[in-house]
Amino acid sequence: MEFYERNERMSEIMTVASLLNDAGLMEYGRLTRAEMIDKLRAMATHQKEKAERILCASDDEFDVRIVRGKIVQHLIKRL
């Protein structure tokens, strides 16, 4: 039995892709190099679109709140 086969039963197998040890992506299972690069580029495209919306928005379009709790949020004050 190979070492990696024994090790697979003890922990999750993940595939990791990153760009020069910078932003990256981790997925469960074994994916090919091309699949991971496609997933990383798709994620970056989504983040770029989100960043462009934030940068182009007026101050009035933002919803800023003070809340209690990280998962279940209870509104304290809307700013």
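These legends accompany close-up views of a predicted model. Local features need pLDDT of at least 70 and side-chain atom pairs count only at pLDDT 80 or more, while totals for chains, interfaces and linings use all residues. Residues are numbered from 1 along each chain as its sequence is written, and side-chain values use heavy atoms, with hydrogens and water left out.

**View A. A nonpolar patch on the surface.** Here Ile-54, Phe-62, Val-64, Ile-66, Ile-76 and Leu-79 make a nonpolar surface patch of about 550 Å². (Patch residues have over 30% relative accessible area and no salt bridge; nonpolar side chains, namely Val, Leu, Ile, Met, Phe, Trp and Tyr, are joined within 5 Å, and like charges within 9 Å. Areas come from the Shrake-Rupley method with a 1.4 Å probe, and for residues only the protein chains shown count as cover.)

**View B. Leu-79, one member of the patch.** Look for Leu-79 in the segment after β4 (74–78); strands are DSSP runs of E, at least two residues, and helices runs of H or I, at least four, numbered from the N terminus. Leu-79 is exposed, at 60% relative accessible area (exposed is over 50%, buried under 20%, partly exposed in between).

**View C. Asp-63 and its two arginine partners.** A salt bridge puts a Lys or Arg side-chain nitrogen within 4 Å of an Asp or Glu carboxyl oxygen, and the structure holds two. Asp-63 meets Arg-65 at 2.6 Å, N to O, and Arg-78 at 2.4 Å, N to O. The latter pair links distant parts of the chain, 15 residues apart: Arg-78 sits in strand β4, Asp-63 in the loop between α2 (33–56) and β3 (65–68). Shared partners join Asp-63, Arg-65 and Arg-78 into one network.

Notes. Buried means under 20% relative accessible area, exposed over 50%, partly exposed in between (1.4 Å probe, protein chains only).
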